[in-house]
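User: Hello! I would like to go through this model with you, one question at a time.

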Amino acid sequence: MKNLKSIIQYECMTSFKYIWIFYAIQYALIGFITIIIGLIMGTFEDVGTNCLEMNTLIYIGILGVLGFKDDFKMLIQNGFTRKYIFIATISMFCFISGTMALVDTIVGNLIHHINNNYSSVYGGIYGYGNIFMNWLWLFLLYVTVCSLLYFIILVINKVGKNVSIYLGVVLGGVILLIVALFRYVFTTEIVNNILGFLMKAMGFMADGTINHIFPALTLFILAAILGIGSYEIIRCTELKS
C-alpha cells in the first residue's frame with residue numbers, strides 16, 4: 001500500500017502543477033483578445049466567448065494520451081506492478097478532473113452571473129439551477145474523455161500502428177452500417193424508441209422535464225466500461241521502446 005500511495009502522489013502532483021499554467025494561459029489569452037476586440041469595436045458589452053470547458057476537454061484529452069508511454073515505461077522499470085500503475089493513472093484522472101471541474105463550475109457560473117450572454121457547457125444544456133450536479137457532470141465528463149483516450153492509446157500500443165489503422169477503418173465501417181440501418185432498415189417506431197432512450201440517458205424526459213441524475217449515471221457507466229477495458233489491456237501490455 002505504501003508503494004501505491006507513493007505512485008498516486010507522484011502521478012497527481014506531477015500533473016497538478018500544470019493545471020494552473022493551463023488556466024493562466026487560457027484566461028490571459030481571453031483577457032487579451034477581449035481587450036483588443038473591445039478596443040476595435042469600441043465597446044466591451046458584446047465581446048466574449050462561450051463554453052470555456054471545451055478547452056479543458058482538449059487539455060485533459062492530451063493528458064490522457066501523452067501521459068501513458070513515458071510514465072508506464074518509467075514506473076514499470078522501477079518495479080511497480082501494472083495494477084498499481086492503472087490505479088494510479090485512474091486516480092490521477094479523477095484528481096485532475098475533479099479539480100478542473102470545480103474551477104470550471106465556479107468560473108462558468110460566476111461569468112454567467114456577471115454576463116448573461118455567457119453560456120457554459122452544462123448551463124447551456126441543463127441550466128444553472130444545480131451547481132453540484134454541474135460539477136459532478138463535468139467531473140464525470142472529464143474522466144470519461146480521459147478514459148476514452150487512455151483506452152485508445154493502450155489499444156494502439158498493444159496492437160501496433162498498422163493494426164490500429166485497420167481497426168479504425170473497421171470502426172468507420174461499423175458507424176456507416178449503423179447510419180444505414182437507421183436510414184434504410186429500422187422502422188420509424190424503432191428509431192423513435194432508440195432516440196427516446198438516448199434522450200433519457202442524457203436526462204431529457206418525455207414530459208419535457210430534465211433529470212440531472214441520468215446523464216451523470218450514463219457518463220459513470222461509460223467511464224467504468226472504458227476503465228475495465230483499459231485494465232484488461234494494461235494487464236498484458238509489454239514495455240516497448
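Analyst: Happy to help! Contact here means heavy atoms within 4.5 Å. Please keep in mind that this is a predicted model.

User: Which residues does T56 touch, leaving out those up to four places away in sequence?

Analyst: T56 lies in helix α2, which covers residues 53-77. Its relative accessible area is 0%, and the limit for buried is under 20%, so T56 counts as buried. Apart from residues up to four places away in sequence, T56 touches F22, Y23, M100, D104 and Y142.

User: How many helices and how many strands does the protein have?

Analyst: Reading from the N terminus, the elements run α-α-α-α-α-α-α-α. That gives a secondary structure of 8 helices and 0 strands.

User: Which element gives the largest share of the largest nonpolar core?

Analyst: This core has 40 residues, and those with the most contacts inside it are I60, I96, M100, W137, Y142 and Y150. Two or more residues come from each of α1, α2, α3 (82-114), α4 (121-126), α5 (131-159) and α8 (213-234). The largest share, 13 residues, comes from α5.

User: I96 is on that list, so which residues is I96 in contact with, neighbours within four places aside?

Analyst: I96 is among the residues with the most contacts inside the core. I60, another residue of that group, is also one of the contacts of I96. Leaving aside neighbours within four places in sequence, the full set is C12, S15, F16, I19, I60 and L63.

User: Is I33 buried, exposed or partly exposed?

Analyst: I33 sits in helix α1, residues 2-41. Together with Y18, I21, I25, L29, F32 and I36, I33 makes a nonpolar surface patch of about 680 Å². The relative accessible area of I33 is 45%, and values between 20% and 50% count as partly exposed, so I33 is partly exposed.

User: How far from C146 is the nearest cysteine sulfur?

Analyst: C146 is buried at 1% relative accessibility, whereas C94 is partly exposed at 30%. A disulfide needs two cysteine sulfur atoms within 2.5 Å, and the structure holds 0 disulfides. C146 is in no disulfide, and the nearest cysteine sulfur, that of C94, lies at 9.0 Å.

User: What share of the exposed area do carbon and sulfur atoms supply?

Analyst: Of the 241 residues, 34% count as buried. The protein exposes about 14,500 Å². Of that area, carbon and sulfur atoms supply 71%.

Notes
Residues numbered from 1 in each chain as written. Predicted model: local features only at pLDDT ≥ 70, side-chain atom pairs only at ≥ 80, totals over all residues. Heavy atoms only, no water. Patch = residues over 30% accessible without salt bridge, like charges linked within 9 Å, V, L, I, M, F, W, Y side chains within 5 Å. Areas by Shrake-Rupley, 256 points an atom, 1.4 Å probe, with all protein chains shown as cover. Salt bridge = Lys/Arg side-chain N within 4 Å of Asp/Glu carboxyl O. Helix = DSSP H or I, 4+ residues; strand = E, 2+ residues; numbered from the N terminus. Buried < 20%, exposed > 50% of the residue type's maximum accessible area, 1.4 Å probe, protein only. Core = buried A, V, L, I, M, F, W, Y, C linked by side-chain atoms within 4.5 Å.
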